[in-house]
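Welcome, and take a moment to look over the sequence and the model before reading on. The paragraphs below will walk you through them step by step.

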Amino acid sequence: MSLKNIRLEVMQAIEPKVQGFMDSFLIPIEEIWQPSDFLPDSQNDNFFTETEQIREEAKELGYDFWVTLVADTITEEALPTYESWLMDVEGIDQHNGKENGWSKWVRAWTAEENRHGDVLNKYLYLSGRVNMREVEITTQHLISDGFDIGTDRDPYKNFVYTTFQELATNISHKRVGKMAKQQGNALLGKMCNIIAGDEMRHHLAYREFVKTILGQDPNGMIEAFADMMKRKIVMPAHFLRESGESIGTAFEVFSNCAQRLGVYTAQDYIEILKKLNDYWEIGNLGGLSDQAEKARDYLMKLPDRLQRISERMQFGQDQYKFKWVEANGIL
Ligand SMILES: [Fe+2]
Ligand SMILES: [Fe+2]
């Protein structure tokens, strides 16, 4: 039997549990927050006063902050890319006539995620601090370019990736929110925090998918995990470009901003990996094949190895001028 068929069988075996995962980790549409809960109501006469307040408060936030918030927004706005990618994964099937739990999950997850880009985009627009046209061009590029995160159609690799990414976005939104709050931007602080809460629920869900797969196919799962870590978890922001530039050119300078601000750092990457090793009990899995044993050793040693590398790592102090943030927004 081919490797791919084992994955398909495992996905089919878990499928009846997906509704339970949805009930535990997602919130019913009629009950969950919506962007309008946080933004000035344009049907209300207070709209202009409240918008004026947003614009005043926004003046307190610095250049690196805006660049990071813009990049966070754009990667949230690229949801069509992730949804189309996941729908194509082995075992996630929207075609065979009957309702497939996995495709239902992908749609419901996408629908929750979609609110993140929505609320941030509207906030950026009202803030008066960014060049929306440039932001929009970058978003369109990112969706049009698509990206290869190295997960193929493999559900195991894809779920490792999403588990990792959801926690990474939880951390970065939470930190951005805290910074906004500290600088007197209470509304933006609240928005980022509530987004971070969604990311955490999603992280817990994907983490559970992997745990469940580990119970069924520990060898395959652990090898897929090691393989993802070997090629590194590439952030969606990796593929960012500004107008007139080529794919990926904006990533390094953005990443420098995020590192300088401390919003998402190499240390966070290491901490996430440690947490995943712990929760999935990688160190305690028994009865593994030789190859899976090797993968386990690699994963258990990786945090220390990355720690040594990160201590030598330096990031640029450049003040690259993004087209997204206007000159009046600098520092
Ligand atoms: Fe999100
Ligand atoms: Fe997310």
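A polar contact here is a pair of N or O atoms within 3.5 Å; within protein, one of the two must be able to donate a hydrogen and the other to accept it. Keep that in mind, and keep in mind too that this is a predicted model. With the definition in hand, look at Glu-166 and Trp-109, whose side chains are joined by a polar contact of 2.8 Å.

Let us stay with Glu-166 for a while. This residue lies in helix α8, which covers residues 155-182. Is Glu-166 buried or exposed? Its relative accessibility is 4%, and buried means under 20%, so Glu-166 counts as buried. Beyond its neighbours within four places in sequence, Glu-166 is in contact with Trp-109, Glu-113, Glu-199, His-202, His-203 and Tyr-206.

Two of those partners, Glu-113 and Glu-199, lead us to the metals. Which residues coordinate the iron ion (ligand 2)? Oxygen donors (OE) come from Glu-113, Glu-166 and Glu-199, at 2.0 to 2.1 Å. Along the chain, these donors follow the spacing E-x52-E-x32-E. Glu-113 lies in helix α6 and Glu-166 in helix α8, so this pair ties together parts that are 53 residues apart in sequence.

Now turn to the iron ion (ligand 1). Its coordination comes from Glu-76, which is listed with two OE donors, together with Glu-113 (OE), His-116 (ND1) and Glu-199 (OE), at 2.1 to 2.4 Å. In sequence, the donor residues of this ion are spaced E-x36-E-x2-H-x82-E. Here again helices are linked: Glu-76 lies in helix α4 (residues 63-77) and Glu-113 in helix α6 (residues 101-127), so the pair ties together parts that are 37 residues apart in sequence.

How far apart are the iron ion (ligand 1) and the iron ion (ligand 2)? They are 3.3 Å apart, and Glu-113 coordinates both. Glu-113 is buried, with a relative accessible area of 3%. Glu-76 counts as buried as well, at 5% relative accessibility.

Glu-199 deserves a closer look too. You will find Glu-199 in helix α9, residues 186-216. At 1% relative accessibility, Glu-199 counts as buried. Leaving out residues up to four places away in sequence, Glu-199 touches Glu-76, Glu-113, His-116, Glu-166, Thr-169, Asn-170 and His-173.

It is interesting to set this beside the database record. An unreviewed UniProt entry lists Glu-113, Glu-166, Glu-199 and His-202 under "binding site". These residues are spread over 90 residues of sequence, yet they cluster in space, with a largest C-alpha distance of 10.5 Å. From this set, Glu-113, Glu-166 and Glu-199 belong to the lining of the largest cavity.

Finally, step back from the irons to the nonpolar interior. The largest nonpolar core has 105 residues, and those with the most contacts inside it are Trp-66, Trp-105, Tyr-123, Met-229 and Trp-324. Which helix gives the most to this core? That is α8, with eleven residues, and α8 is also the helix in which Glu-166 lies. As for Trp-324, the residues it touches, not counting those up to four places away in sequence, include Val-67, Val-70, Ala-71, Ile-74, Val-130 and Leu-240. Polar residues are among its contacts as well, including Asn-131, Glu-134 and Thr-138.

Conventions: Residues numbered from 1 in each chain as written. Chains lettered and ligands numbered in written order. Predicted model: local features only at pLDDT ≥ 70, side-chain atom pairs only at ≥ 80, totals over all residues. Heavy atoms only, no water. Donors = N, O, S within 2.8 Å, 3.2 Å for Na, K, Ca; no water. Helix = DSSP H or I, 4+ residues; strand = E, 2+ residues; numbered from the N terminus. Buried < 20%, exposed > 50% of the residue type's maximum accessible area, 1.4 Å probe, protein only. UniProt positions renumbered as here; feature names shortened; annotations may be inferred. 1 Å grid on protein atoms, 1.4 Å probe; cavity = no way out; pocket = protein on both sides within 12 Å on 5 of 7 lines; lining within 4 Å. Contact = heavy atoms within 4.5 Å. Core = buried A, V, L, I, M, F, W, Y, C linked by side-chain atoms within 4.5 Å.
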